[in-house]
Amino acid sequence: MTAVTTASGMPGALAASQVADPILEIRDLTVEYGFGENPVRVLDHVNLTLGRGELLGLAGESGCGKSTLAYGATRLLPPPGVIRSGEVIFRGRDRDAYDILELRDKDLRAARWRDFAIVFQGAMNSLNPVHRLGDQIMDAVKAHQPKVKRAEARDRAAYLLDMVGISTDRMKAYPHQLSGGMRQRAMIATALALEPELLIMDEPTTALDVVMQRQILEEIADLRQRLGFSVIFITHDVSLLVEVADRIAIMYAGEIVEQAGAQDAYRRPRHPYTKGLLSSFPPLRGARRELGGIPGSPPDLAALPAGCPFAARCPHAFDRCRVEDPVLGPTAFAATEPTRLVACHLHTDPGVEVPAELALR
Ligand code: SF4
């Protein structure tokens, strides 16, 4: 495995020194789809740091690059996805830091599940329909720890199912005999089989109703507290994250446009896109209000306009926005919110007054 240095000082990176005890540092990750002369850039020099034990929510509309970030960082990107640049530094508790993108295939196989695991969208597609639930979890354990005896693997499968709230008498059930919520819990149990230090969850609750979504996310937050793993939770529903995530990163058109503590992002969004996303969901508490939404649709990544990719939909766009793409960085309020990063000229252009709804409160 390759030895690595500490945090980069590249633009847009929330320096690892600002995140207590980082477990994952995604640095300058660029991903394109397609080969030849006109590949489509779907991730553009993305930087993201995750603290040990932290639950980070990654939110944005469909097609903004959330899943590509997860698959790129863990080398699960299917063709024609190509990683053009970047490093993904994993810092396990008991082993040297390594760059996931540089691992040999053998080391990568060992690192998956042991160090980091992914829960994918659509549990029905991830579970084998012709195998019993318990056997599938036991197979996962045996595949990575071949020396484990079958009885031990069975005990472990029962323990994992119990941990996620599934009665052990469902060990013999087939996936179609379980509800959607149970199937998704079973996937979480399988991902935790080798006690990874990092769990990446790609819209794991999207197919479930909102009550079940919230319940599962709360259970993940609880398991995280008990077992001490870190979580990146990907969703298009930012409202789901507000009460359980420590920090939220918002993506738009292949870039991270805002990062902040979850409560800060919810109460005081600084980026017009974050503000729009939050106004697209009903408030958690208080009086009912009309949902605002965001006019228009995300840009075609194959033909991105010059300047800020959000300019065509932004109610605050001004001349500079149409020629210069803003860089993720601290806001004018950095003294009071040092861990907030925003990619918006409103917060860096001294000649522009920040609209009251995005200003310091
Ligand atoms: Fe809106 Fe300009 Fe900020 Fe982009 S840079 S979000 S267009 S104000």
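Is Glu32 buried or exposed? Glu32 counts as buried, because its relative accessibility is 8%, below the 20% cut-off. This is a predicted model. It holds 26 salt bridges and seven cavities of 30 Å³ or more. Three of the ion pairs, one charged network and the largest cavity are taken up below.

**Glu32 and Arg41**

- Glu32 pairs with Arg41 in a salt bridge.
- Their closest N and O atoms lie 2.9 Å apart.
- The acidic partner, Glu32, is buried at 8% relative accessibility.
- Arg41 has 32% relative accessibility, so this residue counts as partly exposed; the partly exposed class lies between 20% and 50%.

**Glu54 and Arg247**

- A salt bridge joins Glu54 to Arg247, with 2.6 Å between the closest N and O atoms.
- This pair ties together distant parts of the chain, 193 residues apart.
- Glu54 sits in the loop between strand 2 (40-51) and strand 3 (55-59).
- Arg247 belongs to strand 9 (residues 247-252).
- Glu54 is buried, because its relative accessibility is 12%.
- Arg247 is buried too, with a relative accessible area of 6%.

**Arg104 and Asp107**

- Arg104 forms a salt bridge with Asp107.
- The closest N and O atoms of this pair are 3.2 Å apart.
- Arg104 reaches 53% relative accessibility and therefore counts as exposed, the cut-off being over 50%.
- Asp107 has 11% relative accessibility, so Asp107 counts as buried.

**A salt-bridge network**

- Four residues are linked in a network of salt bridges: Asp21, Arg52, Arg93 and Glu197.

**Cavities**

- Rolling a probe the size of a water molecule over the atoms reveals where empty space remains.
- Seven cavities in the structure have a volume of 30 Å³ or more.
- The largest cavity has a volume of about 80 Å³.
- Its lining is made up of 13 residues.
- Nearest the centre of the largest cavity lie Cys308, Cys314, Cys321, Cys344 and His345.
- By class, the lining of the largest cavity has ten nonpolar residues and three polar ones.
- No charged residue lines the largest cavity.

Methods. Residues numbered from 1 in each chain as written. Predicted model: local features only at pLDDT ≥ 70, side-chain atom pairs only at ≥ 80, totals over all residues. Heavy atoms only, no water. Salt bridge = Lys/Arg side-chain N within 4 Å of Asp/Glu carboxyl O. Buried < 20%, exposed > 50% of the residue type's maximum accessible area, 1.4 Å probe, protein only. Helix = DSSP H or I, 4+ residues; strand = E, 2+ residues; numbered from the N terminus. 1 Å grid on protein atoms, 1.4 Å probe; cavity = no way out; pocket = protein on both sides within 12 Å on 5 of 7 lines; lining within 4 Å. Points joined across faces, edges and corners; volume = space filled by probe spheres on them. Nonpolar A, V, L, I, M, F, W, Y, C, P; charged D, E, K, R; others polar.
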